[in-house]
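Subject: Structure handover

Hello,

Here is the structure I said I would pass on. Please open it alongside this message and follow the residue numbers as you read.

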Amino acid sequence: MAEDDWQTSLSPVNSHNEWDPLEEVIVGRLDGATVPSRHPVVSCNLPPWAARLQGLAAGKKYPRLLLEPAQQELDEFIALLRSLGITVTRPEAVDHRRRFSTPDWSSRGFGNTCPRDSMIVIGNEIIETPMAWPSRYFETHSYRPLLKDYFRRGARWTAAPKPQLTDALFRSDYRIPRAGEPPHRILTEYEPVFDAADFMRAGRDLFVTRSNVTNRMGIEWLRRHLGSGYRIHEVESRCRTPMHIDTTLLLLAPGKVLVNPEYIDVSRLPEVLRSWDVLIAPDPSPIDERLLNITSTCGKWLSMNVLMIDEKRVIVERHHTNMLHALERWGFEPIPCNLLHYAPFGGSFHCATLDVRRRGTLESYFD
């Protein structure tokens, strides 16, 4: 048995890509979710109308009219995962309205709805990420019982350096680019920050978008931490307010990559992806609920935010019929499920989960 395989067999954590058969997953929790405290790094990712609304409601609990349908759909999603034989674990419930501080600033929390952002699994290692939102500074604490249990049972557990998140990290002259202008971002290179949801994994190769929550220093920190056994490729995004790769580019199976035609110039994809089948995401099915776009200006593309169960089966939002039909044409087996009302809390199926264990080993797909 190879050394990597031997280490994997000892660990409850094992996930190398986005498509190996899913065995265990962390699913986020809505309990205690709080509208994020005001900060430019939060408002820069929102449509102007949503930024004004967010500023008025900052630090308050989300209203029941948003929470109740989202909770009902989340329960349905969890039941579906368990019916597929997948182990589901959850973070602790936390009151995110409690204020906390560092020597430089204070904030209230946000939520633990999106474990995909605060942690990344690379093989048998879980890495806590250095997120750029002050309201998410201690978010992984709600996952610590799980992390300690995984560690005791053999997983590797790492936390990236906690950022200071002082004004030096954020551009004071930032504004949302106008249509036709090249993307520019609110982050400086003062210190490393990144959200795990800006990365996609394909064995020894990772793909990343630089965004309003992930800077070059953050990408370089992960590159050095993983060492020479991994390669990280940057994907250019034309999104005017980039935040997270999983509405821009998804790796669905070996040889198949799903891309957002609004944000990706296919001719400028990383060289290693040009041998893969490039699947162009269909236009999102129209959803006539304005509040569901509060997540970001990328909200309409949550149709792409799917979760692979294995190389064929994929969980897709029931209302996004264009995506369902496209995946069928491409040879996948879509499983429709409701999660439409989770959008104001951070996204959809990919955002709401962290795949802890997939049945597979570390491979190179581009050699």
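Below are notes on two sheets, the helices beside them, some loop residues and the cysteines. Please keep in mind that this is a predicted model.

**The sheet with β1**

One open sheet has three strands in the order β2-β1-β17, and its pairing is mixed. The edges are taken by β2 (87–89) and β17 (353–358); each has a single partner strand, so one side of each is left without a neighbour in the sheet. On average, neighbouring strands here are turned by 25° against each other, direction ignored.

Strand β1 covers residues 22–27 and runs parallel to β2, to which three bridges join it. If you want a place to look at this pairing, take V25 in β1, whose bridge partner in β2 is V88.

Two helices are associated with this sheet. Helix α6 (residues 144–152) packs on the sheet and touches β1, β2 and β17, and its direction makes about 145° with that of β1. Helix α4 (residues 64–83) lies across β1, β2 and β17 and runs at about 160° to β1.

Within α4, one residue to look at is L74. L74 has a relative accessible area of 0% and is therefore buried. Neighbours within four places in sequence aside, L74 is in contact with V27, G28, L30, R90, L339 and Y342. Of these contacts, Y342 lies 268 residues from L74 along the chain, yet the C-alpha atoms of L74 and Y342 are separated by 7.6 Å.

**The sheet with β12**

A further open sheet of three strands has the order β11-β12-β13, again with mixed pairing. Here β11 and β13 (277–280) are the edge strands, and because each has a single partner strand, one side of each is left without a neighbour in the sheet. The average turn between neighbouring strands of this sheet is 30°, direction ignored.

Four bridges pair strand β12 (residues 256–259) with β13 in the parallel sense. At one point of this pairing, V259 stands opposite I280 in β13.

**Helix α7**

Which residues of helix α7 (residues 216–226) are buried? They are G218, I219, W221, L222 and L226. Seen down the axis of α7, these buried residues fall within an arc of 155°, so they line one face of the helix. As background, an α-helix has 3.6 residues a turn, so residues three or four places apart point the same way.

The buried residues of α7 pack against β5 (119–122), β6 (125–128), β7, β8, β9 (205–208) and β10. After α7 comes G227, which has a positive phi near 80°.

**Loop residues**

T209 sits in the loop between β9 and α7. With 3% relative accessibility, T209 counts as buried. Its side chain makes a polar contact with the side chain of D198, at 3.1 Å. Apart from neighbours within four places in sequence, T209 is in contact with D198, T214, V235, S237, H244 and I245.

One of those contacts, H244, has a point of its own. H244 is in the loop between β10 (231–234) and β11 (249–253). The phi of H244 is positive, near 85°, and the residue is not a glycine. For context, most residues other than glycine have a negative phi. H244 also counts as buried, at 8% relative accessibility.

L165 is another residue other than glycine with a positive phi, near 55°. L165 belongs to the loop between β7 (156–159) and β8 (199–202). At 3% relative accessibility, L165 is counted as buried.

**Cysteines**

How many disulfides are there? The count comes to zero. Take C114: the closest cysteine sulfur to that of C114 is in C351, at 5.2 Å, which is too far for a bond. The cut-off behind this is 2.5 Å between the two cysteine sulfur atoms.

Where do the cysteines stand in terms of burial? C114 counts as buried, with 1% relative accessibility. C239 counts as buried as well, at 2% relative accessibility.

Regards

Methods
Residues are numbered from 1 along each chain as its sequence is written. This is a predicted model: local features need pLDDT of at least 70, side-chain atom pairs count only at pLDDT 80 or more; totals for chains, interfaces and linings use all residues. Side-chain values use heavy atoms; hydrogens and water are left out. Two strands pair if DSSP finds at least two bridges between them. Axes are lines fitted to C-alpha atoms, for helices over the stretch in contact, and angles run from 0 to 180 degrees between N-to-C directions. Contact means heavy atoms within 4.5 Å. Buried means under 20% relative accessible area, exposed over 50%, partly exposed in between (1.4 Å probe, protein chains only). The arc is that of the directions from the helix axis to the C-beta atoms. A polar contact is a pair of N or O atoms within 3.5 Å; within protein, one must be able to donate a hydrogen and the other to accept it, and residues adjacent in sequence count only if both atoms are side-chain atoms.
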